[in-house]
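Thanks, everyone. I would like to walk through one chain this morning, so please have the sequence and the model open as we go.

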Amino acid sequence: MTRTVLLLLLGLVPAALLLAGLFAGSAAARGVASDYPPEGNFVSVDGTRLHFKVTGPEDAAPLLVLHGASSNLNEPRVALEDALSGYRVYWLDRPGLGWSERPGDVAWSPQREAALIAQFLESQGVAQTPVLGHSWGAAIALRLAMDQRDRVTGLVLIAPAARAWVGDAAFYNKATHWPLIGTLITRVIVPTYGRGQVADGAQQAFSPEPVPENYVERTHLPLILRAPVWKANAYDMAHVNTHLADQETRYDTITVPTVILAGPEDTVVSTQGHAGRIAETMPNAELELIEGAGHNLHHYHPDRVRAAVDRVSARGAENR
């Protein structure tokens, strides 16, 4: 074998490995889509296809539920559907997450997300509603309350991520949008090796409480491994501090009744630095600390969530 031929073959090895990785990653991504198909409805809002599910009596009071980062509408629904059965609940895959699309023509932000969600509510004939948000979904709920004052009648915020400097974004969130490296992350590494990391992340989200049995499967968390979903979530997390800095100075303008639920031992978001600080800032907010609860407290304390929704809904109705 001549030296020229040997160098040529060696040069082809990385390309062959990359192609093999892309093939394996594509197969894994198709497997995720097949294992967790959309189970709700789709609606086109301003040219964007959104996936959602509605539960509860048609004539019941409405409630919008917004899930947190890296998840989808099934994450809060599995925990709270029974507890909230008396409400007409709109469980929404936030734009870009789950099976919802995200517009790709401009830079995304909580402001744009809140505007699109307001249009979604209008498409469903929901003029006014309380909003329940978990973690990053709570940040979006806060944005809705600031920007859509006539539409949001109250807030229930669970373990909210609400203030800037939650910590530096993980390297892979930034690298996801780099040329070439981003493709390797989203098309090879994430779909091929990500399922184990999803389970590890769940443990941190629940600590100090245990992860419920079959939690990952029941909540369809592996949907985060699909390339467009991973990219959307990575963008949010890479810019999380900027996004929150843009809105945290306005929380004192939110006057709707608000209940904030948080666990003092939350290992994902500092309860004192987020829930505690915004409870002091918002004029009609009250903070409820649940001892022994973690970041995903709604799975073990659905009764506390229902009581908070009832209280906010009643106070919101009095103010209308």
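Before I name any partners, one definition: two strands are taken to pair if DSSP finds at least two bridges between them. Please also keep in mind throughout that this is a predicted model.

With that in hand, let me begin at strand S5, where Val131 has Leu155 in S6 as its bridge partner. That bridge belongs to the pairing of S5 with strand S6, residues 152–158, which runs in the parallel sense over 6 bridges. Strand S3, residues 62–66, also pairs with S5 in the parallel sense, here over 3 bridges, and in this pairing Val65 has Leu132 of S5 as its partner.

How many of the residues of S5 are buried? The answer is 6 of the 6, across residues 129–134, so this strand is largely enclosed by the rest of the structure. Looking at the two faces separately, Thr129, Val131 and Gly133 are buried on one side, while Pro130, Leu132 and His134 are buried on the other. Following the chain onward, S5, helix H4 at residues 136–147, and S6 make a β-α-β unit that is right-handed.

Let me turn to helix H9, residues 240–247, which contains Gln247. Gln247 has a relative accessibility of 0% and therefore counts as buried, the limit being under 20%. If we set aside its neighbours within four places in sequence, Gln247 is in contact with Pro110, Ala139, Leu142, Arg143 and Met146.

Now some backbone details. Most residues other than glycine have a negative phi, and most peptide bonds are trans. Against that background, the peptide bond from Ser207 to Pro208 is cis, with omega near 15°, and Pro208 is found in the loop between helix H6 (181–206) and helix H7 (215–218). The loop between H6 and H7 also holds Asn214, whose phi is positive, near 60°. His220, in the loop between H7 and helix H8 (227–238), likewise has a positive phi near 60°, and at 9% relative accessibility His220 counts as buried.

Finally, the chain as a whole. There are 11 helices and 8 strands, and 51% of the 320 residues count as buried. Of the contacts with a separation of 6 or more, 79% are between residues 24 or more positions apart. The accessible surface comes to about 14500 Å², with 53% of it belonging to carbon and sulfur atoms.

Note on methods. Residues numbered from 1 in each chain as written. Predicted model: local features only at pLDDT ≥ 70, side-chain atom pairs only at ≥ 80, totals over all residues. Heavy atoms only, no water. Helix = DSSP H or I, 4+ residues; strand = E, 2+ residues; numbered from the N terminus. Buried < 20%, exposed > 50% of the residue type's maximum accessible area, 1.4 Å probe, protein only. Contact = heavy atoms within 4.5 Å. Areas by Shrake-Rupley, 256 points an atom, 1.4 Å probe, with all protein chains shown as cover. Right-handed = clockwise from strand over helix to strand, strands pointing away.
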